[in-house]
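Okay, thanks everyone, let's get going. I'd like to walk you through one model today, so have the structure up on your screens.

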Amino acid sequence: MQYLLHIDASKPALKLIGDEHHYLFKVRRHKNGDEIAFRNGNDGLIFIYKIVNIDKKSASLELLTSYHLEIKAYKNLHIGWCMIEVKNIEKVLPILNELGVAKISFISCDRSQTNYKLDMNRIQKILTASSQQCGRSNFMEIESCNSLKEFRSLYPKSVALNFSTNHLSSQKIETIVIGCEGGFSPKEVALFGEDIVGFDTPLILKSESAVCAVASKILI
């Protein structure tokens, strides 16, 4: 854990209860006198607190110091991801967060099943836990789009990942769309015209494999 997110970080004193108390003292085994890094999610500051008292249900900490420390990817990447099964999205989200993806737009595409619904509270918990582990200080943006046509109108400079001899390599890409299982429909492919890139491989990737490969290739 690189830091713990707490809305009151920056105050002279903190009191931890519930899940935060359990995580620090039952899982991480911290003790009196230990120093813990916190962020509040509103700025680029790290706040260092010292544990001054621990009991069975709560703990008290006092602020020692703070300093500015922003940690984020060197490049900016926005992914439009056509909806797949939610449990598979949730498994991959921490990886995309650690790689530094700036934003994901989840898109209802022609071949997406209509019963897939994201639990945004759960998504935010997953991203928070991931950021605390990898140290990321800026938080991934999440949005939804009703169709690929809507997404393309909002982001006209976007490209689509599909079968193409225009291989994804070192070209500068800031917004890219990944299809769902079954890929894009013909009319969705037509929306992008020549704005299509592909991998230099004969293998067919699952949607979640493709999204991780794209993020890795562009960001790292």
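Let's start with a helix pair: H2 and H3 cross in the right-handed sense. Before I go on, remember that this is a predicted model, so everything I quote is computed from predicted coordinates.

Back to that pair. H2 covers residues 86-99 and H3 covers residues 120-134, and they pack at about 40 degrees with 9 Å between their axes. That angle makes H2 oblique to H3. If you want to find the contact on screen, look on H2 for Glu 90, Leu 93, Pro 94, Asn 97 and Glu 98. Across from them, H3 brings in Arg 122, Ile 123, Ile 126, Leu 127, Ser 130, Ser 131 and Cys 134.

Now, H2 has another helix to deal with. How do the axes of H2 and H6 cross? H6 is residues 207-219, and its axis comes within 10 Å of the H2 axis, crossing at roughly 5 degrees. So here H2 counts as roughly parallel to its partner, H6. On the H2 side, the contact uses Asn 88, Val 92, Ile 95, Leu 96 and Leu 99. On the H6 side you'll see Glu 208, Val 211, Cys 212, Ala 215, Ser 216 and Leu 219.

Okay, over to the sheet. Which order do the strands take? There are 5 of them in an open sheet, and reading across you get E1-E3-E4-E5-E2, with mixed pairing. The edges are E1, residues 4-5, and E2, residues 13-17; each has a single partner strand, so one side of each has no neighbour in the sheet.

Take the E1 edge. E1 pairs with E3, residues 35-39, in the parallel sense, and there are 2 bridges. In that pairing, Leu 4 has Phe 38 of E3 as its bridge partner. Then there's helix H1, residues 18-27, which packs on the sheet and touches E1, E2, E3, E4 and E5. The direction of H1 makes about 90 degrees with that of E2.

At the other edge, E2 pairs with E5, this time antiparallel, over 5 bridges. Lys 15 is the residue to click on there, and it sits opposite Ser 60 in E5.

Moving inward, E4 and E5 run antiparallel and are joined by 9 bridges. These two make a hairpin, with 3 residues between the strands.

I'd like to stop at Leu 45 for a second, which belongs to E4. Its bridge partner in E5 is His 68. Those two are 23 residues apart along the chain, but their C-alpha atoms are separated by 4.3 Å. Leaving out anything up to four places away in sequence, Leu 45 touches Phe 38, Arg 39, Tyr 67 and His 68. Phe 38 should ring a bell, as the partner of Leu 4. And is Leu 45 buried or exposed? Somewhere in the middle: at 25% relative accessibility, Leu 45 counts as partly exposed.

Last topic, salt bridges. How many does the structure hold? The count is 8, and I'll go through three of them.

One joins Lys 103 and Glu 143, with the closest N and O atoms 3.5 Å apart. Lys 103 lies in E7, residues 103-107, and Glu 143 in E8, residues 141-145, so the pair ties together parts that are 40 residues apart in sequence. Lys 103 is buried, at 15% relative accessibility, while Glu 143 comes out partly exposed at 22%.

Another is between Asp 34 and Lys 31, at 3.6 Å, N to O. The two ends sit in contrasting surroundings: Asp 34 is buried, with a relative accessible area of 19%, whereas Lys 31 counts as exposed at 53%. Keep in mind that the buried class ends at 20%, so Asp 34, with its 19%, still falls under that limit.

And then there's Glu 85 with Lys 87, where the closest N and O atoms are 3.8 Å apart. Glu 85 is partly exposed at 34%, and Lys 87 is partly exposed at 49%.

Right, that's my tour. Shout if you'd like to go back to any of it.

Note on methods
Residues numbered from 1 in each chain as written. Predicted model: local features only at pLDDT ≥ 70, side-chain atom pairs only at ≥ 80, totals over all residues. Heavy atoms only, no water. Pairing = 2+ DSSP bridges. Helix = DSSP H or I, 4+ residues; strand = E, 2+ residues; numbered from the N terminus. Contact = heavy atoms within 4.5 Å. Axes fitted to C-alpha atoms, helices over the stretch in contact; angles between N-to-C directions. Salt bridge = Lys/Arg side-chain N within 4 Å of Asp/Glu carboxyl O. Buried < 20%, exposed > 50% of the residue type's maximum accessible area, 1.4 Å probe, protein only. Parallel < 35°, antiparallel > 145°, perpendicular 65-115°, else oblique. Left-handed = near helix turned anticlockwise from the far one by under 90°.
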